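Colleague: I have not looked at this structure before. Please take me through it feature by feature.

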Amino acid sequence: MAKLRSVVEGGLHWLRLLAARPLTKSYRDAWITRYALSLPAAAVLKALDAASARYLRSMAGRVPDARRLDAAFFTMNGVISIVFFACVFAERLLAWRSSV
């Protein structure tokens, strides 16, 4: 369960980062829709204790899956992808705009 909890916590952390840097509109729902956490296979859920399974069921579809975010941000050889670069660039541009 520790790995699955990390997947949820990573997604929640991404949402907190988005909230900390408000843009002209909220992209929270778009990120959740695009990278939503899916329930694991029934066999995996069955192997978990009741509280862990309930936690995953409650978070599925409500947070981004950190594994999917990682795959979007980094290529297989560890190079930062254009998606991640665009996010960093946008953050720096907004910081610059607020300083002038």
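Colleague: Let us start with a helix. Which residues of helix H2 are buried?

Modeller: This is a predicted model, and helix H2 covers residues 28–35. Its buried residues are Trp31, Ile32 and Tyr35. Seen down the axis of H2, they fall within an arc of 100°, so they line one face of the helix.

Colleague: Which residues are exposed on the other side of H2?

Modeller: Asp29, Thr33 and Arg34 are exposed there. For Arg34, the relative accessible area is 52%, and the cut-off for exposed is over 50%. In space, Arg34 lies 10.0 Å from Gly61, C-alpha to C-alpha, with the two positions 27 residues apart in sequence terms.

Colleague: Let me try the same reading on another helix. Which residues of H4 are buried?

Modeller: In H4 the buried residues are Ser52, Ala53, Tyr55, Leu56 and Met59. They cover an arc of only 160° around the axis, which puts them on the same side of H4. The face turned away from that buried side carries Ala50 and Arg54, which are exposed.

Colleague: Now a loop. Where is Val63, and what does it touch?

Modeller: Val63 sits in the loop between H4 and helix H5, the latter being residues 66–73. Val63 counts as buried, at 2% relative accessibility. Leaving out residues up to four places away in sequence, Val63 touches Val8, Leu12, Leu15, Ile32, Tyr35, Ala36 and Leu37. Two of these, Ile32 and Tyr35, are also among the buried residues of H2. Trp14 is 49 residues from Val63 along the chain, and their C-alpha atoms are separated by 9.2 Å.

Colleague: What share of the contacts in the chain joins residues 24 or more positions apart?

Modeller: Such pairs account for 68% of the contacts with a separation of 6 or more. A further pair to look at is Arg21 and Ala95, 74 residues apart in sequence and 9.4 Å apart in space, C-alpha to C-alpha. Arg21 is in the loop between helix H1 (2–20) and H2. It is partly exposed, with a relative accessible area of 44%.

Colleague: Next, charged side chains. How many salt bridges does a search of the whole structure find?

Modeller: The general idea comes before the count. Side chains of opposite charge can pair when their charged atoms come close. Here the search finds 1 salt bridge. The side chains of Asp65 and Arg67 meet in it, at 2.8 Å from N to O.

Colleague: Are Asp65 and Arg67 buried or exposed?

Modeller: The two partners are read separately. Asp65 is buried, with a relative accessible area of 4%. Arg67 is partly exposed, at 41%.

Colleague: And the surface: which residues form a nonpolar patch there?

Modeller: Phe89, Leu93 and Trp96 form it, with about 340 Å² of accessible area together. Phe89 is found in helix H6, which spans residues 82–99. For the protein chain, the accessible surface comes to about 7,100 Å², and 62% of this belongs to carbon and sulfur atoms.

Colleague: Which element has the lowest mean pLDDT, and which the highest?

Modeller: H6 has the lowest mean, 71, and helix H4 (residues 50–59) has the highest, 94. Read the patch residue Phe89 with that in mind, since its place is in H6. The protein chain averages a pLDDT of 83, and 82% of the residues score at least 70.

Colleague: Last, the overall layout. How many helices and strands are there, and what part of the chain is buried?

Modeller: The protein chain has 6 helices and 0 strands. From the N terminus on, the elements therefore read α-α-α-α-α-α. Of its 100 residues, 25% count as buried. Among the buried residues are Val63 in its loop and Trp31 in H2.

Technical notes:
Residues are numbered from 1 along each chain as its sequence is written. This is a predicted model: local features need pLDDT of at least 70, side-chain atom pairs count only at pLDDT 80 or more; totals for chains, interfaces and linings use all residues. Side-chain values use heavy atoms; hydrogens and water are left out. Helices (H or I, at least four residues) and strands (E, at least two) are DSSP runs, numbered from the N terminus. Buried means under 20% relative accessible area, exposed over 50%, partly exposed in between (1.4 Å probe, protein chains only). Contact means heavy atoms within 4.5 Å. Accessible areas come from the Shrake-Rupley method with a 1.4 Å probe; for residues, only the protein chains shown count as cover. The arc is that of the directions from the helix axis to the C-beta atoms. Patches are made of residues with over 30% relative accessible area and no salt bridge: like charges are joined within 9 Å, nonpolar side chains (Val, Leu, Ile, Met, Phe, Trp, Tyr) within 5 Å. A salt bridge is a side-chain nitrogen of Lys or Arg within 4 Å of a carboxyl oxygen of Asp or Glu. pLDDT is the predictor's confidence in each residue, from 0 to 100.
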